[in-house]
Amino acid sequence: MKKFLFAFIAVAALALTGCEKKGLDIMSLEPDELDNTEFKCWTFTISNAGILDGTMYAWDTESHVVRTLQEVYKQSGNKAVVSYAKTADGDADGCESHNDF
């Protein structure tokens, strides 16, 4: 029974090490197909091995946010993990007040 348990744990460990969180495939999105007229509060996160990591808030259109993240992704050598989401903030001042700078 112990041999079976250790074999199962070894296989599970190998399977889990192959799973890597990739995040959003930002390059699969088409900015021209996204809203480019309505400004909303967006939060976006960039993780690039400590080189350019962080979360920001921006009062912008979804199309422009995606274009910006695509450029960041390209500049990182296609290695950055990026994500974005709409927030509940309803104005530019409230949105940008979340930023630390």
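**Figure 1. A three-stranded open sheet in a predicted model.** In this predicted model, 3 strands come together as an open sheet, and their order across it is β2-β1-β3. The pairing throughout is antiparallel. At the edges stand β2 (54-60) and β3 (81-86); each has a single partner strand, so one side of each is left without a neighbour in the sheet. On average, neighbouring strands are turned by 20 degrees against each other, direction ignored.

**Figure 2. Strand β1 and its two partners.** Here we look at β1, which covers residues 40-47. Towards β3, β1 is joined by 6 bridges, and the two run antiparallel. One pair to look for is Thr 45, whose bridge partner in β3 is Ser 83. Towards β2, β1 is joined by 7 bridges, again with the strands antiparallel. On that side you can find Trp 42, whose bridge partner in β2 is Ala 58.

**Figure 3. The hairpin of β1 and β2.** Let us follow the chain from one strand to the next: 6 residues lie between β1 and β2 in this hairpin. Among the hairpin residues, Ala 49 takes a positive phi, near 55 degrees.

**Figure 4. The largest nonpolar core.** In soluble globular proteins, nonpolar side chains tend to be buried together. In this model, the largest nonpolar core has 13 residues. The residues with the most contacts inside the core are Ile 26, Phe 44, Ile 46, Val 65, Leu 69, Val 82 and Tyr 84. Two or more residues come from each of β1, α2 (62-75) and β3. Helix α2 gives the most, with 5 residues. Across the whole protein of 101 residues, 26% count as buried.

**Figure 5. The surroundings of Phe 44.** This view stays with one residue of the core and asks which residues Phe 44 is in contact with, leaving aside its neighbours within four places in sequence. They are Gly 54, Thr 55, Met 56, Ala 58, Val 65, Leu 69, Ser 83 and Tyr 84. Two names in this list may be familiar from the strand pairs: Ala 58 is the bridge partner of Trp 42, and Ser 83 is that of Thr 45. Val 65, Leu 69 and Tyr 84 are, like Phe 44, among the residues with the most contacts inside the core.

**Figure 6. The salt bridge of Asp 32 and Arg 67.** The structure holds 2 salt bridges, and this view shows one of them. The closest N and O atoms of Asp 32 and Arg 67 are 2.3 Å apart. Asp 32 sits in the loop between α1 (2-17) and β1, while Arg 67 belongs to helix α2, so the pair ties together parts that are 35 residues apart in sequence. Are the two residues buried or exposed? Asp 32 counts as exposed because its relative accessibility is 63%, whereas Arg 67, at 39%, counts as partly exposed.

**Figure 7. The salt bridge of Lys 74 and Glu 71.** In this pair, the closest N and O atoms are 4.0 Å apart. Both residues lie in helix α2; because they are 3 residues apart there, about one helical turn separates them. Lys 74 counts as partly exposed, with a relative accessibility of 46%. Glu 71 is partly exposed too, at 38%.

**Figure 8. Asp 91 and Phe 39.** Asp 91 is found in the loop between β3 and α3 (92-96). With 42% relative accessibility, Asp 91 counts as partly exposed. Although Asp 91 and Phe 39 are 52 residues apart along the chain, their C-alpha atoms are separated by 8.8 Å.

**Figure 9. The chain as a whole, and the confidence in it.** To place the close-ups, it helps to read along the sequence: the pattern is α-β-β-α-β-α, made of 3 helices and 3 strands. Of the contacts with a separation of 6 or more, 64% are between residues 24 or more positions apart. The protein averages a pLDDT of 80, and 77% of the residues score at least 70. Please take care with residues 1-21, where pLDDT stays under 50. For this stretch the model has 0 contacts beyond four places in sequence.

Conventions. Residues numbered from 1 in each chain as written. Heavy atoms only, no water. Pairing = 2+ DSSP bridges. Helix = DSSP H or I, 4+ residues; strand = E, 2+ residues; numbered from the N terminus. Axes fitted to C-alpha atoms, helices over the stretch in contact; angles between N-to-C directions. Core = buried A, V, L, I, M, F, W, Y, C linked by side-chain atoms within 4.5 Å. Buried < 20%, exposed > 50% of the residue type's maximum accessible area, 1.4 Å probe, protein only. Contact = heavy atoms within 4.5 Å. Salt bridge = Lys/Arg side-chain N within 4 Å of Asp/Glu carboxyl O. pLDDT = per-residue confidence, 0-100.
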